[in-house]
Protein chains: 2
Amino acid sequence: MTTQQLTKNQGLVFDVLSHSDSPLSAYTILDKLRDNGFRAPLQVYRALDKLLEFGLVHRLESINAFVACAHPHEGCHNHGITAFTICETCGQVTEFHDHVIEDRLKAFAKGRNFKTGKTTIEIRGTCAGCA
Amino acid sequence: MTTQQLTKNQGLVFDVLSHSDSPLSAYTILDKLRDNGFRAPLQVYRALDKLLEFGLVHRLESINAFVACAHPHEGCHNHGITAFTICETCGQVTEFHDHVIEDRLKAFAKGRNFKTGKTTIEIRGTCAGCA
DNA sequence: GCAATTGATGTAATAACATTACATTTACAT
DNA sequence: ATGTAAATGTAATGTTATTACATCAATTGC
Ligand SMILES: [Zn+2]
Ligand SMILES: [Zn+2]
Ligand SMILES: [Zn+2]
Ligand SMILES: [Zn+2]
């Protein structure tokens with residue numbers, strides 16, 4: 001999945017997120033795209049839904065915001081669980097994968113016959129630069 | 001921390017959550033407490049803030065809802081990171097602690113000089129009973 | 001080509017979740 | 001009793017997300 005096959009609105013939203021140095025809310029994205037003809041939240045949410053589906057964007061559940069994937073070409077989203085650190089001061093987000101964590105979570109779920117869907121791992125705190 | 005030393009509003013909110021078999025949104029709690037004199041969201045949010053602080057309640061970030069802690073007397077909240085499974089069909093929530101996961105997350109944060117604050121781990125899916 | 005279908009878009013309205021601001025009351029220590 | 005901190009009441013507002021419905025564009029089958 002590359003950026004080429006995105007529709008106009010998807011491309012615009014992805015572009016805004018890609019160039020941002022911190023996560024953005026849907027409404028912030030909307031504001032940034034007013035000059036490009038965006039008028040309503042739904043235009044943003046629809047594009048985000050697709051981008052999430054493509055694995056180009058992640059939703060940060062704990063802050064109701066969205067970030068471009070740090071390595072969209074690796075199919076992040078077929079790569080297992082993505083964990084995040086989120087700096088509450090500057091917004092810096094770091095993505096990582098940990099197979100040990102993933103295995104432990106899967107083992108717990110399996111032991112309870114729980115069928116795992118989307119899993120969220122988010123560490124909020126302060127990054128090195130802001131400490 | 002026992003239920004005794006809660007204020008009236010805190011006690012009412014905790015009671016509603018304790019007797020619910022699934023997570024509740026703040027506005028659902030408000031509706032359930034209208035007959036007890038609750039009139040405004042803030043009454044619920046203020047009580048929830050305190051209950052979260054006391055470790056009697058958890059907030060599920062991925063579904064904007066709240067649950068009573070499964071083992072409030074063990075000081076869940078001084079016990080390290082709490083992880084959850086959340087059934088998207090019936091709302092069943094299971095709480096668990098895993099020191100291996102916690103150690104891995106701490107190690108990652110330490111390696112990046114990231115100062116860890118609140119950490120969220122939530123697995124959404126389908127419970128055994130709903131499969 | 002052209003109808004039928006599907007996916008994407010535009011727009012308005014509304015729903016759901018959360019906070020700010022300010023006035024008042026209660027609990028409690030001095 | 002008085003001063004202080006915590007809790008409460010109420011209204012207004014801010015923020016995040018969805019529903020509903022109309023239109024437009026790309027694709028497919030004929
Ligand atoms: Zn990613
Ligand atoms: Zn920072
Ligand atoms: Zn707990
Ligand atoms: Zn279930």
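1. B:Glu61 is buried, at a relative accessible area of 8% (buried means under 20%, exposed over 50%, partly exposed in between, with a 1.4 Å probe and protein chains only). B:Glu61 forms a salt bridge with B:Arg59, and the closest N and O atoms are 3.0 Å apart (a salt bridge is a side-chain nitrogen of Lys or Arg within 4 Å of a carboxyl oxygen of Asp or Glu). B:Arg59, with a relative accessible area of 25%, is partly exposed.

2. A note on the basis of these values: this is a predicted model, in which local features need pLDDT of at least 70, side-chain atom pairs count only at pLDDT 80 or more, and totals for chains, interfaces and linings use all residues. Residues are numbered from 1 along each chain as its sequence is written, chains are lettered from A and ligands numbered from 1 in the order in which they are written, and side-chain values use heavy atoms, with hydrogens and water left out.

3. A:Glu61 forms a salt bridge with B:Arg124, with 3.5 Å between the closest N and O atoms. This pair crosses between chains: A:Glu61 sits in the loop between β1 (57-60) and β2 (65-68) of chain A, and B:Arg124 is in strand β5 (residues 115-126) of chain B. Helices (H or I, at least four residues) and strands (E, at least two) are DSSP runs, numbered from the N terminus. A:Glu61 and B:Arg124 are both buried. A salt-bridge network links A:Arg59, A:Glu61 and B:Arg124.

4. Within chain A, the side chains of A:Asp31 and A:Arg34 also meet in a salt bridge, at 3.4 Å from N to O. A:Asp31 counts as partly exposed at 49% relative accessibility, and A:Arg34 is partly exposed at 40%. Over all chains, the structure holds 12 salt bridges. Side chains of opposite charge can pair when their charged atoms come close.

5. Which residues are closest to DNA strand D? A:Tyr27, A:Arg59, B:Thr7, B:Gln43 and B:Arg46 are the closest of the 16 residues that surround the strand (a residue is near a molecule or strand if one of its heavy atoms lies within 4 Å of it). Of the atoms of DNA strand D that come within 4 Å of the protein, sugar and phosphate account for 46%. By class, the surface near the strand has 5 nonpolar, 6 polar and 5 charged residues.

6. Individual polar contacts to the DNA follow (pairs of N or O atoms within 3.5 Å). A side-chain N or O atom of A:Tyr27 is 2.6 Å from a base nitrogen of DNA strand D. Phosphate oxygens of the strand lie 2.9 Å from a polar side-chain atom of B:Thr7 and 3.3 Å from one of B:Lys50. The elements that give two or more residues to the surface near DNA strand D are α3 (41-54) of chain A, together with α1 (8-18) and α3 (41-54) of chain B. With 4 residues, α3(B) gives the most.

7. Chain A has 4 helices and 5 strands, in the order α-α-α-β-β-β-β-α-β along the sequence. Its C-alpha atoms fill a box of roughly 50 × 35 × 25 Å along the principal axes. Of the 131 residues in chain A, 43% are buried. Among contacts in chain A between residues at least 6 apart in sequence, 53% join residues at least 24 apart (contact means heavy atoms within 4.5 Å).

Notes: A polar contact is a pair of N or O atoms within 3.5 Å; within protein, one must be able to donate a hydrogen and the other to accept it, and residues adjacent in sequence count only if both atoms are side-chain atoms. Ala, Val, Leu, Ile, Met, Phe, Trp, Tyr, Cys and Pro count as nonpolar, Asp, Glu, Lys and Arg as charged, and the others, Gly among them, as polar.
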